[in-house]
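Work through the exercises below with the sequence and the model at hand. Each task is followed by a stepwise solution.

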Amino acid sequence: MELQKNTTFVYDFSIWYSETDEDIASTVAEILRSSGHCGYLEHQDELGGMLAISSVTDIIRRSGVTFVILSANSLNSYWCQKILEWNLFHSIEQAGTKFIPVYANVQDEQVPVVLRHIIGLKYSSTFFKTKLLGSMKSKKVRCTRFTS
């Protein structure tokens, strides 16, 4: 089976997070949207309150950059583990969406082993906003499904 690189993105970004981290996810989305990026915010943009697995993978595939908010609240969450797996599969195996973990009050030794080779963003860093916006360079698309 031949895997194809998706060059047609619907969203500049998508953000995946535990509901307990909604304040952090909302702040990240606001920074990106106020800079002209359009995207998908998991618990706020899902339709009908339910999100099927096929929808999750489709949104990830159609996003230029995917951020996963990781905190002490979400590190052991089954849902977060699945989101990480789907993002890593798409990013690595299919050479698709850029995947960036955002760490909120997570110590280096708490970072899952599978993510230790990926450079993430530390939410509490003085330069978080600058690094967040820098991660979006060349990822701006004209959103066709969502506008902020």
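The exercises go from the whole chain to single residues.

**Exercise 1. Confidence and layout**

Task: State what the mean pLDDT of the protein chain is, and in what order its elements run from the N terminus.

Solution:
- Step 1. This is a predicted model, and the mean pLDDT of the protein chain is 78. A value of 70 or more is reached by 72% of the residues.
- Step 2. Residues 1-6 have pLDDT below 50, and this stretch makes 7 contacts in the model beyond near neighbours in sequence. Where pLDDT is low, the predicted coordinates should not be read in detail.
- Step 3. The chain has 5 helices and 5 strands, in the order β-α-β-α-α-β-α-β-β-α from the N terminus.
- Step 4. Of the 148 residues, 47% are buried.

**Exercise 2. The surroundings of strand 3**

Task: Find which strands pair with strand 3, and in what sense.

Solution:
- Step 1. Strand 1 pairs with strand 3 in the parallel sense over 5 bridges. Phe-13 has Val-65 in strand 3 as its bridge partner.
- Step 2. Strand 4, residues 98-104, also pairs with strand 3 in the parallel sense, over 7 bridges. Here Ser-71 has Ala-104 in strand 4 as its bridge partner.
- Step 3. Strand 3 covers residues 63-71, and 9 of its 9 residues are buried, so the rest of the structure largely encloses this strand.

**Exercise 3. A buried acidic residue**

Task: Decide where Asp-21 lies and which residues it contacts beyond four places in sequence.

Solution:
- Step 1. Asp-21 sits in the loop between strand 1 (11-16) and helix 1 (22-34).
- Step 2. Leaving aside neighbours within four places in sequence, the contacts of Asp-21 are Ile-69, Ser-71, Asn-73 and Ser-74.
- Step 3. Asp-21 is buried but has no salt bridge. The nearest side chain of opposite charge is that of Lys-122, 16 Å away. A salt bridge would need a nitrogen-oxygen distance within 4 Å.

**Exercise 4. The salt bridge**

Task: Identify which residue forms a salt bridge with Lys-122, and where the two lie.

Solution:
- Step 1. The structure holds 1 salt bridge. Its partners are Asp-108 and Lys-122, with the closest N and O atoms 3.1 Å apart.
- Step 2. Asp-108 belongs to the loop between strand 4 and strand 5 (121-122), while Lys-122 is in strand 5. The two are 14 residues apart, and the pair links distant parts of the chain.
- Step 3. Lys-122 has a relative accessible area of 42%, so this residue counts as partly exposed.

Technical notes
Residues numbered from 1 in each chain as written. Predicted model: local features only at pLDDT ≥ 70, side-chain atom pairs only at ≥ 80, totals over all residues. Heavy atoms only, no water. pLDDT = per-residue confidence, 0-100. Contact = heavy atoms within 4.5 Å. Buried < 20%, exposed > 50% of the residue type's maximum accessible area, 1.4 Å probe, protein only. Lys, Arg positive; Asp, Glu negative; His and termini not counted. Pairing = 2+ DSSP bridges.
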